[in-house]
Amino acid sequence: MPRGRQEERWRLPRGRHGLPPEVVSRSQRERLLAATMRIVAAKGYAATRVTDLTEEAGISRTTFYELFADKEACFLAAYDNAVDGLVRRISAAYEAERRWPDRIRAGLATLLEALAEDPAQARLGLVDVAAAGPAAQRRFRAAVQRLMPFFDEGRDFAPGGRNLPANASRMAAGAVVGLISDELVAGRAEELPSLLSDLLFATLIGYLGPDAAAREVGEEASKQLRT
Amino acid sequence: MIRVVGAKGYRETVVADVIAEAEISRATFYEHFDGKHDCFLAAYEMLAGQVFDEVAAQCDWGAPWVSRMTAGLTTIVDRLAVDPALARTVVVEVVAAGADARQLHRNATARFTEYLDAGRELAGDRELPENISLMSAGAVSGLIFDELLAGRADRLPDRLPDLLFAMLVPYLGPQAAAAEMRRVAAAGH
């Protein structure tokens, strides 16, 4: 996989540059984390060697082992870092809207777009991550749970929302991830954004009931037609 | 194979573990399978088939949809709870075992979601999304996945009301799903 131009831009100048060591170290770490997601997405976790990661990131083996104990520790950090970035994007879209159903629509749309932008990393993040061992499996479930606070606000919005089962948001997050994973396994990452209406309906119905959920999705559909 | 993968995880499992557990020779193993992956796929298919047959055998086709789904889910949950190795294999490790294992998993899931899809009729003339059953199944398997990762397979039957809510809510909405959840909780399973 060729290195993107974007990465070249935040690569530090070679040779003497007089930058403080912590800046150098942070840049190396960030480069390594991004490289790890790219390489593991392309080669699979089992086939990836530390050498692949240091080459892709342009760092030495010594630097690698200063930063991480082994491949697994590096992958887990890279995974968490990627999830942080995705959740920040979703949050920004969510916060930009006011009504809860609109917020969910915006957040889901951003999630689907982000995953469709990079199908290989989307597959790694939601599907192949399970092949990287028990610690990675737990990180995956923790990532899914980070979607829960967005849904939890539906308890305040929905009539009777306070009486919903404690796990309602976990279920909504599970429904979203279930459908997206199925699409990814089927090799349809690019088409993920077309699932927006379905996901919106399936998550809102758990809070608002079928009639209101259908109305929200209907409004979404007519909004799309207008734009 | 299932016991070993359930205990060690797919990645850590080697053929030597499997033949030791099964008390067969290496030669016998390779007469039947090309290797670990091949054996795992066969084991998964067998298990998924067994669970499916159990659910189908206990299904009362005359009963209303909600009762049929409740009975089916109860059968699945009870089966997973008494056999944590099986549960880990069919819910967690199958995803770790490569592309063709995931395809098998998809096919197996589709057999169950076909049953679920009869619930569309309850929505009356409203069109539910075509893939609603996948979202229903995703919510259920997500909850089960979390319990298994936490090492609480034996507690799964306690979570039946929650799992039931997760399964029904995409079809029925929160009020009707919660009513069914309370009914099952009161029946004390």
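This report walks through a predicted two-chain model, from confidence to domains, helix packing and the chain contact.

Residues are numbered from 1 along each chain as its sequence is written, and chains are lettered from A and ligands numbered from 1 in the order in which they are written. Because the model is predicted, local features need pLDDT of at least 70 and side-chain atom pairs count only at pLDDT 80 or more, while totals for chains, interfaces and linings use all residues.

Let's start with confidence, given as pLDDT (the predictor's confidence in each residue, from 0 to 100). Chain A has a mean of 88, with 89% of its residues at 70 or more. Residues 1-9 of chain A stay under 50, and the model has five contacts beyond four places in sequence for them; a contact means that the C-beta atoms of two residues, placed from the backbone, lie within 7 Å. Where pLDDT is low, the predicted coordinates should not be read in detail.

Chain A is assigned domain 1 (5-68) and domain 2 (73-226), with bounds from an automatic or database domain assignment. Their centres, taken over C-alpha atoms, are 30 Å apart. Twelve residues of domain 1 and 14 residues of domain 2 make up the contact. On the domain 1 side, helix α2 (residues 21-43) gives the largest share, seven residues. Helices here are DSSP runs (H or I, at least four residues) and strands are E runs of at least two, numbered from the N terminus.

Helix α2 of chain A also meets helix α5 (residues 71-95) of chain A: their axes come within 9 Å and cross at roughly 100 degrees. Axes are lines fitted to C-alpha atoms, for helices over the stretch in contact, and angles run from 0 to 180 degrees between N-to-C directions. The two helices are therefore roughly perpendicular, a term for angles of 65 to 115 degrees. Among the residues that meet are A:L32 and A:M37 in α2(A), and A:F75 and A:N81 in α5(A).

Turning to the partner chain, 31 residues of chain A are in contact with 34 residues of chain B. On the chain A side, α11(A) gives the most, with ten residues. The table sets out residue classes: Ala, Val, Leu, Ile, Met, Phe, Trp, Tyr, Cys and Pro count as nonpolar, Asp, Glu, Lys and Arg as charged, and the others, Gly among them, as polar.

| Contact | Nonpolar | Polar | Charged |
|---|---|---|---|
| Domain 1 side of chain A, touching domain 2 of chain A | ten residues | two residues | no residues |
| α2(A) with α5(A) | nine residues | two residues | no residues |
| Chain A side, touching chain B | 19 residues | seven residues | five residues |

Finally, chain B has ten helices and zero strands.

Notes
Angles under 35 degrees count as roughly parallel, over 145 as roughly antiparallel, 65 to 115 as roughly perpendicular and the rest as oblique.
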